[in-house]
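Q: Could you take a close look at one part of this protein with me, the packing of its helices, and then set that part among its surroundings? I'd enjoy a connected walk through it.

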Amino acid sequence: MNARSSARPLLMINEAPALESLSTRYELLVSSISDYAIYMMDTEGRISSWNAGAQRFNGFSESEVLGMHFSRFHTPEDQQAGLAQRALATALREGRFESEGWRVRKDGSLFWASVVIDPIYTPDGEHVGFANVTRDVTERKRVMEALRESERSFRLLVQGVIDYAIYMLSPQGLITNWNLGAQRIKGYAPEEVLGTHYRRFFTEDDKAAGVPDRALEVAARAGRYESEGWRVRKDGTRFWAHAVIDALYDDDGELLGFAKVTRDNTEQRQAQESLEQARAALFQAQKMESIGQLTGGVAHDFNNLLAVVSNGIDILRTAPPEAAGARVLDSMRRAVDRGAALTQQLLAFARQQPLAPSVQQLNRLVLGFEGVLRRAAGPLMRFEMDLDPKLRQASIDEARFEAALLNLVVNARDAMPEGGTLEVTTRNVSLGANQEGALPAGDYVRVSVADTGTGMSEEVRRRAFEPFYTTKEVGKGSGLGLSQVYGFIVQSGGGVTIDTEEGKGTCINLFLPALEEAVPETPAPRAAREERVLIVDDDPLVMESARELFQSMGYATLHANDAAAALRALQRDSEVDVLFSDVMMPNGMTGLELAREVRQRYPRIKIILSSGFPQSDQEFAVVGKPYRLADLARQLRTA
């Protein structure tokens with residue numbers, strides 16, 4: 001078939017008069033098109049017609065261009081290479097010439113053109129010229145070049161990354177490309193893995209469990225799969241990997257494959273494990289240090305308990321059995337029970353155990369640990385507790401919370417070498433975003449330990465949570481206490497803040513996210529039911545003396561420094577049996593007024609008052625100061 005017969009001419013020249021009107025309309029249509037340059041050329045390539053689009057693209061008017069050879073629009077390089085002659089010859093031979101390239105406007109500027117040249121024949125098959133259709137596609141070329149450059153840069157980026165294994169998978173999980181990071185991390189060259197299934201990097205246990213196939217299923221369904229686990233290198237060694245698989249889809253939603261990114265996190269995992277081990281060891285060391293600080297007080301408590309047992313034995317040996325045997329044996333049993341309870345508390349505190357958070361009512365933890373906290377505070381401290389009876393629950397590790405609380409109490413005591421007031425409070429609080437430190441908005445449980453000690457300067461406050469930072473004398477502290485408290489509370493999802501003023505004291509606040517419901521207050525569980533006495537006195541030395549006397553008789557003791565603190569204590573603990581209060585109080589309600597209030601609220605509680613002055617009012621049982629054990633025992637029998 002020759003070129004003429006195979007060509008599909010753009011326009012056939014017809015001399016029939018019936019078609020003259022149609023030809024005229026067609027010429028008007030072509031001449032008005034402005035988005036395409038459409039013009040006719042004779043058989044030599046000289047321009048014989050010119051439309052509005054040609055004038056807009058090329059910048060020439062019709063009068064300027066008619067009779068001009070169309071090679072005028074070619075660059076000098078294309079003119080020298082004979083592009084115009086080759087284009088016309090190709091159009092004649094193949095019936096069409098199509099190409100893209102730079103073209104030159106009248107003003108010398110260039111544009112990227114898409115050009116189509118068709119030969120024109122008469123109905124008799126005579127070749128009479130060519131039709132040239134040109135379109136300015138400069139913007140499309142710019143976009144395509146930018147896209148190609150972006151793709152090239154992305155390929156270079158992916159191939160150049162060595163800290164991440166980045167590769168593609170087919171929908172079936174076969175590896176289709178491989179970067180330098182994958183080669184470095186996994187040990188395989190591209191030719192060793194391309195076309196193989198990616199399950200080869202999984203452990204035998206994971207293969208047997210179907211982990212590789214399940215990962216692709218999840219990624220295909222959800223669009224993404226992320227996991228951590230052991231992976232196997234070419235040499236058989238293992239590394240801890242963080243892997244992400246993203247599904248890739250075409251415009252019609254058809255799955256094309258997966259993008260896989262893997263990072264070797266072995267060193268980070270080992271560092272985290274080492275850090276956890278160090279934290280656990282430090283926590284245990286701090287607990288043992290705290291126990292060491294409590295040793296003197298524990299020995300004192302056991303001396304009291306042993307004194308009860310020893311005196312009881314002497315009484316039983318010298319007195320007739322019917323006289324005092326049952327009562328003495330009962331006191332000895334209570335002393336033994338108290339000793340066992342104290343021992344169990346210390347063992348639980350000292351036991352080494354991992355972080356195990358559970359839902360807790362913090363008031364219960366504070367009350368259950370009150371005896372240790374008071375002993376740690378020492379006799380010079382006025383120790384108070386103000387616990388919210390409707391406190392909400394929080395998730396916390398019990399042992400570490402007790403250790404943190406003990407640490408704060410010891411720090412508060414050390415800040416008051418001459419004595420002072422130390423108060424533990426609990427509250428429900430609602431915070432706005434960043435209202436307290438960097439905590440997000442929400443509901444929290446706040447536990448505060450406040451003192452009236454020396455306070456902190458601004459520099460000390462800012463550095464207080466730094467490990468090994470301390471203002472204590474050499475040998476008096478490690479500088480790790482507050483940093484451990486901070487780390488533990490933050491690890492539990494909360495935060496720690498310090499309110500302090502130099503010379504006026506410090507309050508350290510522990511914030512823990514509050515859970516939905518509060519639990520009603522109940523007294524801390526006890527191994528055996530023992531009578532409980534609430535001692536109210538503002539003098540620490542008198543308080544300590546009274547505590548020892550009551551404990552020698554087998555009573556469990558609670559303490560308050562004034563009437564208001566006593567009433568709060570009774571709100572928390574409904575099982576108090578005896579109120580023992582000094583009549584004279586420094587502030588507010590007197591001991592007598594307190595006794596009347598307690599009798600009205602809690603009529604079952606025995607009330608004994610103490611006073612250094614004669615009391616004419618016999619409304620309540622009164623012991624005079626100084627009192628002895630026998631005086632207390634007598635009033636307990638008659639009150």
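A: Of the 639 residues in this protein, 42% are buried. The model is a predicted one, and its secondary structure comes to 22 helices and 20 strands. Among contacts with a separation of 6 or more, 59% are between residues 24 or more positions apart.

Let's go to helix 15, which spans residues 370-377. In this helix 6 of the 8 residues are buried, so the rest of the structure largely encloses it. The buried ones are Glu370, Val372, Leu373, Arg374, Ala376 and Ala377, a list that has two charged residue names in it, Glu370 and Arg374. Just past the end of helix 15 comes Gly378, with a positive phi of about 90 degrees.

Now for its partner. Two packed helices are described by the angle between their axes and the distance between the axes. Helix 15 packs against helix 16 (residues 398-414) at an angle of about 25 degrees, and the two axes are 9 Å apart. Angles under 35 degrees count as roughly parallel, and that makes helix 15 roughly parallel to helix 16. The crossing of the two is right-handed. On the helix 15 side, the residues that meet helix 16 are Val372, Leu373, Ala376 and Ala377; each of these four is also on the list of buried residues in helix 15. Helix 16 brings Leu405, Leu406, Val409, Val410 and Arg413 to the meeting.

Helix 20 makes a good companion to this picture. It covers residues 563-572, and with 7 of its 10 residues buried it is largely enclosed by the rest of the structure. Those buried residues are Ala563, Ala565, Ala566, Leu567, Ala569, Leu570 and Arg572. Their cover is a mix of helices and strands, including helix 14 (362-368), strand 10 (381-387), strand 16 (532-536), strand 17 (556-560) and helix 21 (591-601).

Strand 16 leads us on to a loop residue. Asp537 lies between strand 16 and helix 19 (540-552). Its relative accessibility is 4%, so Asp537 counts as buried. Setting aside neighbours within four places in sequence, Asp537 is in contact with Val542, Met543, Ala560, Asn561, Asp582 and Lys625. One of these, Ala560, belongs to the range of strand 17, which also helps to cover helix 20.

For contrast, turn to Asn434, in the loop between strand 12 (420-431) and strand 13 (442-451). Asn434 is exposed, with a relative accessible area of 55%. It has a positive phi of about 60 degrees although it is not a glycine.

Another short helix is worth a stop: helix 9 (residues 190-193), where Val193 has its place. Val193 is buried, and its relative accessible area is 0%. Outside its neighbours within four places in sequence, Val193 is in contact with Ile175, Trp178, Tyr188, Arg200 and Phe201. Val193 and Asn177 are 16 residues apart in sequence, with their C-alpha atoms 8.7 Å apart in space. Phe201, one of the contacts of Val193, has a charge over its ring: the charged end of Lys186 sits there, 4.2 Å from the ring centre. A similar arrangement involves Arg269, whose charged end sits over the ring of Trp240, 3.8 Å from its centre.

Rings also pair with one another, and a search of the whole structure finds 15 aromatic pairs. In one of them, Tyr39 and Trp50 have ring centres 5.1 Å apart and planes at 45 degrees, so the pair is tilted. Tyr39 is in strand 1 (residues 37-41) and Trp50 is in the loop between strand 1 and helix 3 (52-58), so this pair, 11 residues apart, links distant parts of the chain. Both Tyr39 and Trp50 are buried. Ring pairs also bring in Phe60 and Phe73, linking them with Tyr39 and Trp50 into a cluster.

Our last stop is Thr75, in the loop between helix 4 (62-65) and helix 5 (76-80). With 10% relative accessibility, Thr75 counts as buried. Leaving out residues up to four places away in sequence, Thr75 touches Trp102, Val104 and Leu110.

How values were computed: Residues are numbered from 1 along each chain as its sequence is written. This is a predicted model: local features need pLDDT of at least 70, side-chain atom pairs count only at pLDDT 80 or more; totals for chains, interfaces and linings use all residues. Side-chain values use heavy atoms; hydrogens and water are left out. Rings of Phe, Tyr and Trp (its six-membered ring) pair if their centres lie within 6.5 Å; planes under 30 degrees apart count as stacked, over 60 as edge-to-face and the rest as tilted. Buried means under 20% relative accessible area, exposed over 50%, partly exposed in between (1.4 Å probe, protein chains only). A charge sits over a ring if NZ of Lys or CZ of Arg is within 6 Å of the ring centre and within 35 degrees of the ring normal. Axes are lines fitted to C-alpha atoms, for helices over the stretch in contact, and angles run from 0 to 180 degrees between N-to-C directions. Angles under 35 degrees count as roughly parallel, over 145 as roughly antiparallel, 65 to 115 as roughly perpendicular and the rest as oblique. A crossing is left-handed if the near helix is turned anticlockwise from the far one by less than a right angle, and right-handed if clockwise. Contact means heavy atoms within 4.5 Å.
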